[in-house]
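Me: I would like to go through this structure with you in questions and answers, with the terms spelled out as they come up.

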Amino acid sequence: HRAKFEVAEDVWTSIVLPRPDNPLVLLDRKREELKSLAKELDDVVARIAAIEQMESLDQVTGTKRPRE
């Protein structure tokens, strides 16, 4: 099976893969993106918790609020 799927050496050695200009810059960008996404997730979790708290208060008081 190896011969059936193996690529010739002259083919795979001629493949040029793109490289980032500066891997450290790319890594810093990814870290900033991760921080931003983590903050966004925290905000969404806080909003969900606030909605759940309002709904539980509504159940206790019997208040009905329209859904947003």
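Me: Is Arg-31 buried, partly exposed or exposed?
Reply: The classes rest on relative accessible area with a 1.4 Å probe and protein chains only, where buried means under 20%, exposed means over 50%, and partly exposed lies in between. Arg-31 has a relative accessibility of 46%. Because of that value, Arg-31 counts as partly exposed.

Me: Before we go on, what kind of model is this, and how are its residues numbered?
Reply: This is a predicted model, in which local features need pLDDT of at least 70 and side-chain atom pairs count only at pLDDT 80 or more, while totals for chains, interfaces and linings use all residues. Side-chain values use heavy atoms, with hydrogens and water left out, and residues are numbered from 1 along each chain as its sequence is written.

Me: With which residue does the side chain of Arg-31 meet in a salt bridge?
Reply: Side chains of opposite charge can pair when their charged atoms come close. A salt bridge here is a side-chain nitrogen of Lys or Arg within 4 Å of a carboxyl oxygen of Asp or Glu. Arg-31 and its partner both lie in helix H3 (residues 23–61), three residues apart, about one turn of the helix. The N to O distance is 3.7 Å, and the partner is Asp-28.

Me: Is that partner, Asp-28, buried, partly exposed or exposed?
Reply: The relative accessible area of Asp-28 is 43%. Because of this value, Asp-28 is classed as partly exposed.

Me: Which residue forms a salt bridge with Lys-35?
Reply: Lys-35 counts as exposed, at 55% relative accessibility, whereas its partner is partly exposed, with a relative accessible area of 49%. The two lie three residues apart in helix H3, about one turn of the helix. Their side chains meet at 3.7 Å, N to O, and the partner is Glu-32.

Me: How far apart are the closest N and O atoms of Lys-39 and Asp-43?
Reply: Lys-39 and Asp-43 are separated by about one helical turn, because they are four residues apart in helix H3. Lys-39 counts as exposed at 51% relative accessibility, while Asp-43 is partly exposed at 37%. The two residues form a salt bridge, and their closest N and O atoms are 3.4 Å apart.

Me: How many salt bridges does the rule count?
Reply: The pairs described above include Arg-31 with Asp-28 and Lys-39 with Asp-43. By the rule, the count comes to four.

Me: How many helices and how many strands are there in the chain?
Reply: Helices (H or I, at least four residues) and strands (E, at least two) are DSSP runs, numbered from the N terminus. Read along the sequence, the chain follows the pattern α-α-α. The chain therefore holds, under the DSSP definition, three helices and zero strands.

Me: What radius of gyration does the chain have?
Reply: The radius of gyration is taken over C-alpha atoms, and the globule rule is 2.2 Å times the number of residues to the power 0.38. The C-alpha atoms fill a box of roughly 75 × 35 × 15 Å along the principal axes. A compact globule of 68 residues would have a radius near 11 Å, but this chain has 27 Å.

Me: What share of the residues is buried?
Reply: Leu-41, which lies in helix H3, is exposed with a relative accessible area of 53%. Asp-42, also found in helix H3, counts as exposed at 52%. Of the 68 residues in the chain, the buried ones make up 1%.

Me: How far apart in space are Asp-42 and Glu-9, C-alpha to C-alpha?
Reply: Along the sequence, Asp-42 and Glu-9 are 33 residues apart. Their separation in space, C-alpha to C-alpha, is 50 Å.

Me: How far apart are the C-alpha atoms of Arg-2 and Ala-49?
Reply: Arg-2 is found in helix H1 (residues 2–5) and counts as exposed, at 67% relative accessibility. Arg-2 and Ala-49 are 47 residues apart along the chain, and their C-alpha atoms are separated by 56 Å.
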